[in-house]
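Open the model in your viewer and keep the selection tool ready. The stops below go one by one, each with something to pick and something to look for.

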Amino acid sequence: MGSNMAENHPVGFRWPMKAREKGATIIHVDPRFTRTSASANLYVPIRSGSDIAFLGGLINYVLTHDKWFKEYVLAYTNASTIVSDGYVDAEDNGGLFSGYDPQSSTYDNASWAYAGQRDETLRDPRCVFQILKRHYARYTPEMVERVCGSPKDLFLQVAEVLTKNSGRERTSAICYAVGWTQLSYGAQIIRAAGILQLLLGNIGRPGGGIMALRGHASIQGSTDVPTLFDMLPGYLPHPAAFKDDTLEKYNRESGVRGGYWSNLPKFMVSLLKAWYGDAATEANEYGYQWIPKLTGDHSHVSTSAAMADGKVKGFIVFGQNPANGSPHAGLQRKALTELDWLVALDLYETETAAFWYAAPEGWKPADIKTEVFLLPTAGPGEKEGTFTNTQRLLQYHDKAVDPPADTRSDLWFLYHLGRRLKDLYRDSTDPRDQGLLNLTWDYLPDRPDPEWRITDEPSAEKVLMEVNGYTVADHQQLPDYERLKDDGSTACGVWIYSGVFPAPGQNMARRRNRSPDNYVNPEWGFAWPGNRRILYNRASADPAGKPWSERKKYVWWDAAAGSWTGIDVPDFPAKKAPDTPAKGQGTGLDLHSGSDPFTLKADGRGWLFAPSGLKDGPLPTHYEPLESPVSNALYKRQDSPVAQRFPRKDNAISAPGDPRYPYVVTTYRVTEQYTSGAMSRWNSWLSELMPEMFAEISPELATEKGIENLDWVVVSTPRNQIECKALVTRRMRPFRHNGKVIHEIGLPYHWGYQGLVKGAMANDLVALSEEPNVFIQEDKALTCNLRKGRLR
Amino acid sequence: MAIEQAGGLGLGPLGRLGMSPQPVSRESIEKKPRIRDAEKAVPSVCPYCAVGCSQLVYVKDKRIIDIEGNPASPINEGTLCPKGAATYQYVVNPNRVTTVRYRAPHSDRWEDRPLEWAMDRIATLIKETRDATFVERTPGGKLVNQTTAIATLGGATMDIEENYLIKKLFSGGLGLVSIENQARI
C-alpha cells in the first residue's frame, strides 16, 4: 500500500516476485492500477488518502474474528496496559481525542498516559485492547467500501489472506512508500500498519515487518545522520530554546528512564566530544551551548515560506532541486528570487540553478538580485563513501576515477569550506564563534593516494571512523555503542552507526562477502544497529526463547550456552535469559523482563496504543486530506486537527467539497525518470524512454469532459495551473464515496524547464502544508479542476 | 565471453539450422561488450533509489567505460533497472557541468570562474550573512546561538560522510537551524 514497488524499486520487487513463484500472495492496494498491480495476485482500488479507514477495517476484522496472535500480543504488546482515567477516545468526541486545544490546534497528551497497571485478562474496559476494539468497531467492511471505495468482497479477500498468512508458521510483510508519508496524517497510517502487524505477530520476525521503501540512494542515511533540522545524529532530539537550557536539562528531559534510550546522555556527550574535541569539557557542558537551539519549525516547507517572504538570505542546495521538486514549486522559485545568494552543487544545471533566466514566470534577469553559484560535483565512481539503503544497510562505494576538470566531491566542498571559514574567523574571541573554531576538522589523508590527480580530497574513511567513535584518551576505535560513556571519555559522531569501523582498516560497510549458508548475508555491508538485519528480532522467539516455529526460526535462547543466538545478531542483551524478571527499580533495560523484546520502548512492549510520541493522537483515526471533495463519513471532524496549513495569500487551500475543484489529483514517479529529473532528464536513454509529461485520466472522466487520448489538458488548483497531454487509461477508475462519484487524476512530477526533455511541473499545483509529526507536505491527495485545452 | 564459445552464431548445433550463407553480418561478428578491455572493475552502489543495488564501474585508461550490475551482490545479483543501467550516462555525459558557473546579481549570463575563487567568495558570503543575522539570545533572554537567515537543503543523494559534515559544520559550527533534505519531502 502507498507504494508502486514494481515501478519505483524494480530490483527490490524482484524478491516479492520470486516469493510469488514459491506460492506467496502479493496484494496491491492503490488508487491507480500500476505495474505493481499487474504483478500482484490481488489488486484492490482505494480512494487516495483513505488508507487509515482501510487499515482500521483490517484491525477491526482481526479483532472481531478473533484472528490475533494471542501469545504474541499478550507478551509483547501493551494490549493489557490500563490507560489513564482521563482518556477520551475520538469515537466518543467527534473525532478528537482528549487534550485538544482548538486555540493552538495542538494536543496535550497527559490524558493518554498509562495508569500504571496491566490486566492480563484484557477485560478491563480501560485496557489498550478494549480501547482498540471500541476505536475500530465502526471500521466495518461496509464502512471501508463507503469511505475507501474499495469493493467489500475484495477487502474481505485481503483480510482473509492476511490473517491466514500470519501466526506461528507464517508471516506477512507490508511495504509502503511516499503514498503514505505525503499525507497530512502520514505517520498515523504507518502506525495503523504497526498495530495490524503487532496484532498478527508480524514484527521482529523473518518475512514480517513494515518496510519503508525509500526513494534515494542514501535517504535513510540522511535521516540517520541526519541533515534534518529537528534531530541530531542517531535520532537524538535537536535541543530547543524553550526547554533545553542546559545539557543536564536536555539529558534529563530527552532521555527516558526505561529502555535503551535511558543511555541518551552517553550518546549526546560522545557526539559533543566528536564535534568539539578537547574543547568539550565537563565545565563547559561539553560545548552544548555551541549547538544552536531551535526556536520553532525550521523545516523545508516552513523555510520555503520564510524565504518567499525575504527572511532567508543565503541558501546552499546539495544535489536537490526545489524549483520543481518541492511542494508549491512556483513559490519555491519565487523564494529563490528573494535570496542574496544561492549555491547549487550538482552534476547538471538544474531548474534551481537556472531559475533566474529559465523559470516559466518569465522574469527578467536584470530584476533578480540573487548571486548564483553552480558548483560541479562528482558522480558515481568518482568518489568514495557510504550509502545507507532502505533496509538500514551501509554499503561503501569505491572510487574508480578522478572527477573531471573542476568537479569535486561534496565532501571536498564541505571540508575546504570549513577550513576557509575557520581561517576567516581565526582571530575571533567572540563566544559565538568558538564552536566553529573548536570544531574538530582533520580529514585530509595522512598521505594522498598517488593514483589520483586531486591531492587535497579529504578521506571519507576518516569521517566514517569519527562517525563510528573512539576512545578519547588513546584514540582507539570503539567496537560498538555499548562502550559509549557520558563522562567525556568517548567520542562518537552517530551512535547508531557505531561498529561500522571497529578498528583501523576494518571498514565493515566495505565488506562484500556472500554467505551461501545464511540468507541473511551478515557479511555483506553493515546494518545498523550492530549489524542487525531485523530489528526487535527477540520477538521471533516465544516468551520462553524458543522459535515460534521451525519454519520461522530466526534467533533463540541457547540455554546451554546461556546466550541468545541465531542467524542474525540478536537484538537483545546477549546474556539476558528469557525468564529474567523485570526489576522494580533502576533504569534502562533493567526495567524490562527477559521477554520484553522492544528494547527502545520505555516498557519494552510494542505499542498498539501510543501514550506519547505523536502529536495527532494515540490511535490512527480516519480524516480526510486537507483538500477533499467529500465530508468525513466517520467523524464530525473533517481533517487532521493538528496539521499545518500555512494560511497565506499565495497558498490557498480548497475547502471540502469546493465545486470549483471537484477532482482528486495524486502525484507519482515512473521507472524511467527520477524525482525532479536532475538525474535523468539529461540522459538521452532515459529521456527517450519517457519523454513527456502527461495526466492519467479514466475513460469515464475523459468522456464527461470531452477529452480524448493525447489531447492537451489544463489541470488547476488554487495555487497554479499546468498543461500536459491526456493519457486516457483504464488504469484510472472513478471511486464512489457514500454513493458520490469521485474522479482521480494521476500526475508524474519528473519534468521541468531544463534537461533534454521538458514539461510541466506537477509540484506547481501542490500546497505548502505539514503533517504535524514529521513536517511533510500533502501531495498524494489534492483537489483540482480539469479542462481540455492549453494554458493560452 | 567470445561469440564462438557461446555456440550460437553458426558454429554450434543451432547455427547449422539456418540457411546458407550465414545471415550474420560482419558487424555482428565484430561486436564486443563495452567492458571487454576494462583494466579494472570497481565496486560501487547505484545512485538512484534506496534498494542499494551493487554496481561495477569498469575503467580503462583512467576513464569510465561502463557501469553494470555487480553479480556478487545478494541484493541485485547483477541486475539493474532502466535507471541503474543508465548510470554510465549520468556520469559520462556531454551535458555535464565541469567548471564553476557564476551569475552576478542582476546579470543575464553565466560566467566561468576558478574553483578557488568561488570557494573563497562563498566562505566570505556565509561569514557576512551569518555575522549580520546571528542571534545569541531571544528577546526573552534564552540563549539560542543561531541564524535562520542561511539554510541548506540536500543530502539524500549523497554519502553519509557528506551528510555528517553538513550537520557538523553548519549546525555545530555555524549555528544554522534550517538544515534539511529530501527525507522531509
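**Starting with chain B**

Select chain B. Among its contacts between residues at least 6 apart in sequence, 31% join residues at least 24 apart. Keep in mind that this is a predicted model. Colour chain B by secondary structure: six helices and eight strands appear. Walk along the sequence and the order reads α-α-β-β-β-α-α-β-β-α-β-β-α-β. Of the 185 residues of chain B, 47% count as buried.

**A hairpin in chain B**

Now pick strand E2 (residues 54–60) and strand E3 (residues 63–69) of chain B. They run antiparallel and are joined by six bridges. Show B:Gln55: its bridge partner in E3(B) is B:Gly69. Then go to the turn. Two residues lie between the strands of this hairpin, and B:Asp61 takes a positive phi near 50° there.

**Where the chains meet**

Show both chains. How many residues does each chain bring to the contact? Chain A gives 123 residues and chain B gives 102 residues. On the side of chain A that touches chain B, select helix H18 (residues 410–424) of chain A; with ten residues, H18 gives the most to that side. Colour that side of chain A by class: 64 residues are nonpolar, 42 are polar and 17 are charged.

Next, select strand E11 (residues 314–318) of chain A together with strand E7 (residues 143–154) of chain B. These strands run parallel, with five bridges joining them across the two chains. For one pair to label, take A:Ile316, which stands opposite B:Thr152 in E7(B).

**Into the core**

Stay with A:Ile316 and add A:Val343, since the two are in contact. Leaving aside neighbours within four places in sequence, A:Val343 also contacts A:Val317, A:Phe373, A:Leu375 and B:Ile122. The largest nonpolar core has 265 residues, and A:Val343 is among those that touch the most other members. The others to highlight are A:Leu58, A:Ile59, A:Tyr176, A:Leu196, A:Phe373 and A:Val715. A second core of nine residues is separate and includes A:Ala541, A:Tyr554, A:Trp556 and A:Phe572. As background, nonpolar side chains tend to be buried together in soluble globular proteins.

**Two helices of chain A**

Select helix H6 (residues 128–136) of chain A. Its buried residues are A:Val128, A:Phe129, A:Ile131, A:Leu132, A:His135 and A:Tyr136. Why do they line one face of the helix? Look down the axis of H6(A): the buried residues fall within an arc of 160°, so they line one face. They pack against helix H4 (51–64) and strand E3 (81–83) of chain A.

Move to helix H16 (residues 329–337) of chain A. Here eight of nine residues are buried, so to speak of H16 as mostly covered is fair. Among the buried residues are A:Leu331, A:Gln332, A:Arg333 and A:Lys334. Around them, show helix H14 (300–308), helix H15 (322–325), strand E12 (341–346) and helix H17 (355–358) of chain A, which the buried residues of H16(A) pack against.

**Last stop: domains**

Colour chain A by domain: domain 1 (5–212), domain 2 (219–295 + 468–508), domain 3 (537–597) and domain 4 (649–788). The C-alpha centres of domain 1 and domain 3 of chain A lie 26 Å apart. Their contact takes ten residues from domain 1 and 13 residues from domain 3. On the domain 1 side, four are nonpolar, two polar and four charged.

Note on methods
Residues are numbered from 1 along each chain as its sequence is written. Chains are lettered from A and ligands numbered from 1 in the order in which they are written. This is a predicted model: local features need pLDDT of at least 70, side-chain atom pairs count only at pLDDT 80 or more; totals for chains, interfaces and linings use all residues. Helices (H or I, at least four residues) and strands (E, at least two) are DSSP runs, numbered from the N terminus. A residue is buried if 20 or more other C-beta atoms lie within 10 Å of its own, exposed if 12 or fewer, and partly exposed in between; C-beta atoms are placed from the backbone. Two residues are in contact if their C-beta atoms, placed from the backbone, lie within 7 Å. Ala, Val, Leu, Ile, Met, Phe, Trp, Tyr, Cys and Pro count as nonpolar, Asp, Glu, Lys and Arg as charged, and the others, Gly among them, as polar. Two strands pair if DSSP finds at least two bridges between them. Domain bounds come from an automatic or database domain assignment. A nonpolar core is a set of buried Ala, Val, Leu, Ile, Met, Phe, Trp, Tyr and Cys residues joined through C-beta atoms within 7 Å. The arc is that of the directions from the helix axis to the C-beta atoms.
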